[in-house]
Structure formats: C-alpha cells, structure tokens
Amino acid sequence: MRLYDNSPLARLAATMLALLVMSAATVRPALAQDSSQYSVQEVIDAGHSFFGNTSGGLAKVVERAFEQYGLPNGYILGQEGSGAFIAGLTYGEGELYTKNAGQHPVFWQGPSLGIDYGGQGSRAMMLVYDLPAIEALYARFGGVSGSAFVVAGVGMTVMRNNDVVLVPIRTGVGARLGINVGYLKLTRSPTWNPF
C-alpha cells in the first residue's frame with residue numbers, strides 16, 4: 001500500500017489544496033464601521049431577501065466572512081452559471097451596491113482549471129472589501145475555488161486583485177465536485193470572452 005502518490009494529478013491536487021489553505025488563512029481584524037461600510041445585519045438582510053428560503057446557512061457564512069475580513073464597503077447580488085470537465089467556465093451578472101457611489105451593473109466571466117467536474121446555476125452575493133473606486137472593480141480577481149467554507153448548501157470562497165478582496169457566497173442547484181484554480185473577470189457590459 002502506497003501512502004504517498006507522486007502522480008501529476010496528486011501533485012496538482014496538493015498544490016491547489018495548499019493555495020486554498022493559504023488564501024483562507026489571511027485574517028484581518030474587525031474595524032470600526034464607517035459610513036461607507038455595511039454591517040453584518042445589513043448584509044444578512046440583503047442576502048435573505050435575495051436568496052429567499054434557500055438561505056439557511058447564509059448567516060453563518062456571512063459571519064465567517066466578517067470575522068476574517070471585517071466590514072465590506074460594497075456587495076454584489078446576482079446569478080451565475082458554471083460548468084467544468086477539468087477546464088471550466090463561469091458567467092454571471094448582477095448589481096453592485098455601495099453606500100457612497102450608488103448601484104452599478106456588473107458582469108463576470110472566467111476560466112478555471114483543476115480536478116473539477118459538473119455544472120451549477122447559482123445565486124451569488126459577493127462581498128467587496130477595500131474598493132477605492134468603482135473602476136477598481138472592473139478587473140481580474142484570482143483565487144482557489146472548491147468551496148473553501150460551506151454551511152447548509154451555502155459556500156464561500158476568496159478572490160483578490162491587489163488590495164481589493166471579493167468574497168463570493170453562492171447557493172444554487174446542480175452538481176459540481178472538485179477543486180480548481182481560476183479567476184473572474186468583472187466588466188461593465190456582458191461579453192462571451194472569459195479571458
């Protein structure tokens with residue numbers, strides 16, 4: 001019996017798992033709320049009205065995000081579809097909500113690569129941290145997916161672009177199994193090009 005598998009697939013899985021652990025290990029202290037930030041209750045209320053009855057684990061997942069990253073200064077509510085067979089694609093659309101810059105439409109698309117199979121349709125809430133201006137949102141955000149934290153069918157991952165952090169929280173229908181590395185490209189208008 002071999003205790004260690006040195007195949008390329010096993011090394012890829014080990015690397016992705018290490019990246020997942022490193023991205024989840026970043027902990028930020030909670031800060032005092034300023035007028036541009038959202039409280040836990042504001043985000044949970046917005047999520048409950050958006051997700052409806054499927055949001056059983058939403059409060060726990062949002063509280064976990066607040067424990068790790070503090071208070072967001074924006075959030076996105078939208079829907080997305082994704083599918084993968086080793087390589088995958090994700091497409092979504094929604095609305096960015098901010099207290100000091102209003103609402104803005106946002107679209108996202110992106111490729112992924114990994115040990116990942118299946119497809120799903122999801123409602124998504126993305127918490128946005130340290131957004132200095134609306135223009136900074138329209139960029140590529142990289143990260144490791146595979147549901148870094150899951151409670152009652154609601155999953156949370158973490159993606160970054162410089163100092164701006166996105167925490168996508170998803171719940172939906174479908175079946176998807178695995179772990180992947182990829183990015184989301186956020187744009188002002190829809191596009192089929194995920195790159």
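Tutor: Welcome! Let's start with a term: a polar contact is a pair of N or O atoms within 3.5 Å, where, within protein, one atom must be able to donate a hydrogen and the other to accept it. Keep in mind that the model in front of you is predicted.

Student: Thanks! Which backbone oxygen does the side chain of Gln37 reach?

Tutor: The side chain of Gln37 reaches the backbone oxygen of Leu71, at 3.4 Å. Gln37 itself sits in the loop between α1 and α2.

Student: Is Gln37 buried or exposed?

Tutor: Buried means under 20% relative accessible area. Gln37 has 11% relative accessibility, so Gln37 counts as buried.

Student: Could we step back to the whole chain? How many helices and strands are there in the protein chain?

Tutor: The protein chain has 3 helices and 7 strands. Read from the N terminus, the order of elements is α-α-α-β-β-β-β-β-β-β. The chain has 195 residues, and 45% of them count as buried. Among contacts with a separation of 6 or more, 71% join residues that are 24 or more positions apart.

Student: What does pLDDT average over the protein chain?

Tutor: The average pLDDT is 77, and 70% of the residues score at least 70. By element, the lowest mean belongs to helix α1 (residues 8-24), at 48, and the highest to strand β6 (residues 159-161), at 91.

Student: Over which residues does pLDDT stay under 50?

Tutor: That stretch is residues 16-31, for which the model has 27 contacts beyond four places in sequence. The general idea is this: where pLDDT is low, the predicted coordinates should not be read in detail.

Student: Now the helices, please. At what angle do the axes of α2 and α3 cross?

Tutor: Helix α2 (residues 40-51) and helix α3 (residues 58-69) have axes that cross at roughly 145° and come within 10 Å. The crossing of α2 past α3 is right-handed.

Student: Which residues make the contact?

Tutor: On α2 they are Val40, Val43, Ile44, Gly47, His48 and Phe51; on α3 they are Leu58, Ala59, Val62, Glu63 and Phe66. Sorted by class, this contact between α2 and α3 has 8 nonpolar residues, 2 polar ones and 1 charged one.

Student: What lies in the loop between α2 and α3?

Tutor: Gly57 lies there. At 1% relative accessibility, Gly57 counts as buried. Sequence distance and distance in space can be read side by side here: Gly57 and Val154 are 97 residues apart along the chain, while their C-alpha atoms are separated by 5.8 Å.

Student: Where can I practise that reading again?

Tutor: Try Pro105, in strand β2 (residues 103-129). Pro105 and Ser189 are 84 residues apart in sequence, with 7.8 Å from C-alpha to C-alpha. Beyond its neighbours within four places in sequence, Pro105 is in contact with Gly94, Glu95, Tyr138 and Arg188. Pro105 has 42% relative accessibility, so Pro105 counts as partly exposed.

Student: Arg188 came up just now. Which residue's side chain does a polar contact join to that of Arg188?

Tutor: The partner is Glu135, and the polar contact between the two side chains is 2.3 Å. Glu135 belongs to the loop between β2 and β3. The C-alpha atoms of Glu135 and Thr187 are 9.6 Å apart, with their positions 52 residues apart along the chain.

Student: What contact does the side chain of Arg170 make?

Tutor: The side chain of Arg170 makes a polar contact of 2.3 Å with the side chain of Glu80. Arg170 lies in strand β7 (residues 164-187). Its relative accessible area is 16%, so Arg170 is buried.

Student: Last topic: backbone angles. What should I know about phi?

Tutor: In general, most residues other than glycine have a negative phi. Here, Asp130 has a positive phi, near 60°, and Asn162 has a positive phi of about 55°.

Student: Where do Asp130 and Asn162 lie?

Tutor: Asp130 is in the loop between β2 and β3, and Asn162 is in the loop between β6 and β7. Asp130, at 39% relative accessibility, counts as partly exposed, whereas Asn162, at 70%, counts as exposed.

Methods. Residues numbered from 1 in each chain as written. Predicted model: local features only at pLDDT ≥ 70, side-chain atom pairs only at ≥ 80, totals over all residues. Heavy atoms only, no water. Axes fitted to C-alpha atoms, helices over the stretch in contact; angles between N-to-C directions. Helix = DSSP H or I, 4+ residues; strand = E, 2+ residues; numbered from the N terminus. Left-handed = near helix turned anticlockwise from the far one by under 90°. Contact = heavy atoms within 4.5 Å. Nonpolar A, V, L, I, M, F, W, Y, C, P; charged D, E, K, R; others polar. Buried < 20%, exposed > 50% of the residue type's maximum accessible area, 1.4 Å probe, protein only. pLDDT = per-residue confidence, 0-100.
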